[in-house]
Amino acid sequence: MKQPAGVSSQLMDELGVDIDPELLSLALTHRSYAYEHGHLPHNERLEFLGDSVLGQAVTVLLYTRHPDLDEGSLAKRRASVVSTVALAEVARGIGLGAHLRLGRGEDQTGGRDKDSILADTMEAVIGATYLSAGPEAATGLVHRLVAPLLADPDRYGAAVDPKTSLQELAARRGSPPPVYRVEAEGPDHDRVFTATVSVGDVSSTGVGTSKKHAEMAAALRLWRSLSD
């Protein structure tokens, strides 16, 4: 599976930062693609770097923006903003899934919309930005990416514990409690779970590498839908 022509420029337009095309390509390369193409380099080292850059940028931003919050409140908000579910939401907002370099099997089982893959790739892109454009550009990118989450405090609880948030929202609306249905496919060592959650006659689905992650993804999507 070849990377579509012009993907780097399209994604850089979304990101608003100039990243070296080779580094960006590496950031988008999942290990499944690398293994299928002769064990090419993949994005896990960039992900490691990006995770640190993300954490520091969000910590400083929250500390300076909220002088009234204590350590526990700051930690809770940071955890929500850097969570897998929240980062996947950010990734979907910039259409990151369309640019991923995935192995055939991962692609066919919905990898472009898996929270874990989207979140990890988002961190890798942040790492690539740091190496290519420097700390200031990487911090600026993080601030732009998390701004929608910071602007909506209700998302903190939903991102960290979407199942509880959905249950509370259903109760406030006088609706029946959420009902979950989960299906799994694939070999035991590479299972893919698809969860469907319903509140009354409204439902959403989510995909994950575990039942828990799939249910969380589905719950957050339905929470967002019912909160609009």
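Here are some friendly notes on this structure, which is a predicted model.

1. Let me start with the main nonpolar core. The largest one holds 41 residues, and the members that touch the most others are Leu-15, Ile-19, Leu-96, Met-122 and Val-125. Several helices contribute at least two residues each: H1 (7-15), H2 (21-27), H4 (44-65), H5 (71-81), H6, H8 (115-133) and H9 (135-150). Of these, H8 gives the most, with eight residues. As general background, nonpolar side chains in soluble globular proteins tend to be buried together.

2. Ile-19 is a good place to zoom in. Leaving aside residues up to four places away in sequence, Ile-19 touches Met-12, Leu-24, Val-125, Ala-128, Thr-129 and Ser-132. Val-125 is itself listed with Ile-19 among the core residues that touch the most other members.

3. There is another core to look at, apart from the largest one. This other core has 17 residues, including Val-85, Phe-193, Val-199 and Ala-214.

4. Helix H6 (residues 84-93) deserves its own point. Seven of its ten residues are buried, so H6 is largely enclosed by the rest of the structure. The buried ones are Val-85, Ala-86, Leu-87, Ala-88, Glu-89, Val-90 and Ala-91; you will notice that Glu-89 is on that list.

5. Both ends of H6 have a local feature to check in your viewer. At the start, a side-chain oxygen of Ser-83 comes to within 3.1 Å of the backbone nitrogen of Ala-86. Just after the helix, Gly-95 adopts a positive phi of about 65°.

6. Now for the strands. E2 (residues 192-199) and E3 (residues 202-208) pair in the antiparallel sense, over seven bridges. Within this pairing, Thr-196 of E2 stands opposite Thr-205 in E3. The two strands form a hairpin with two residues between them, and Gly-200 in the turn has a positive phi of about 65°.

7. On ring contacts, the count of aromatic pairs comes to zero. A charge does sit over a ring, though: Lys-163 lies over the face of Tyr-180, at 4.7 Å from the ring centre.

8. Is Thr-164 buried, exposed or partly exposed? Its relative accessibility is 33%, and a residue counts as buried under 20% and as exposed over 50%, so Thr-164 is partly exposed. Thr-164 belongs to helix H11 (residues 162-172). Thr-164 and Asp-107 are 57 residues apart in sequence, and their C-alpha atoms are 31 Å apart in space.

Definitions and conventions
Residues numbered from 1 in each chain as written. Predicted model: local features only at pLDDT ≥ 70, side-chain atom pairs only at ≥ 80, totals over all residues. Heavy atoms only, no water. Buried < 20%, exposed > 50% of the residue type's maximum accessible area, 1.4 Å probe, protein only. Helix = DSSP H or I, 4+ residues; strand = E, 2+ residues; numbered from the N terminus. Polar contact = N/O pair within 3.5 Å; in protein donor to acceptor, adjacent residues only side chain to side chain. Phe/Tyr/Trp six-rings, centres within 6.5 Å; stacked < 30°, edge-to-face > 60°. Lys NZ or Arg CZ within 6 Å of the ring centre and 35° of its normal. Core = buried A, V, L, I, M, F, W, Y, C linked by side-chain atoms within 4.5 Å. Contact = heavy atoms within 4.5 Å. Pairing = 2+ DSSP bridges.
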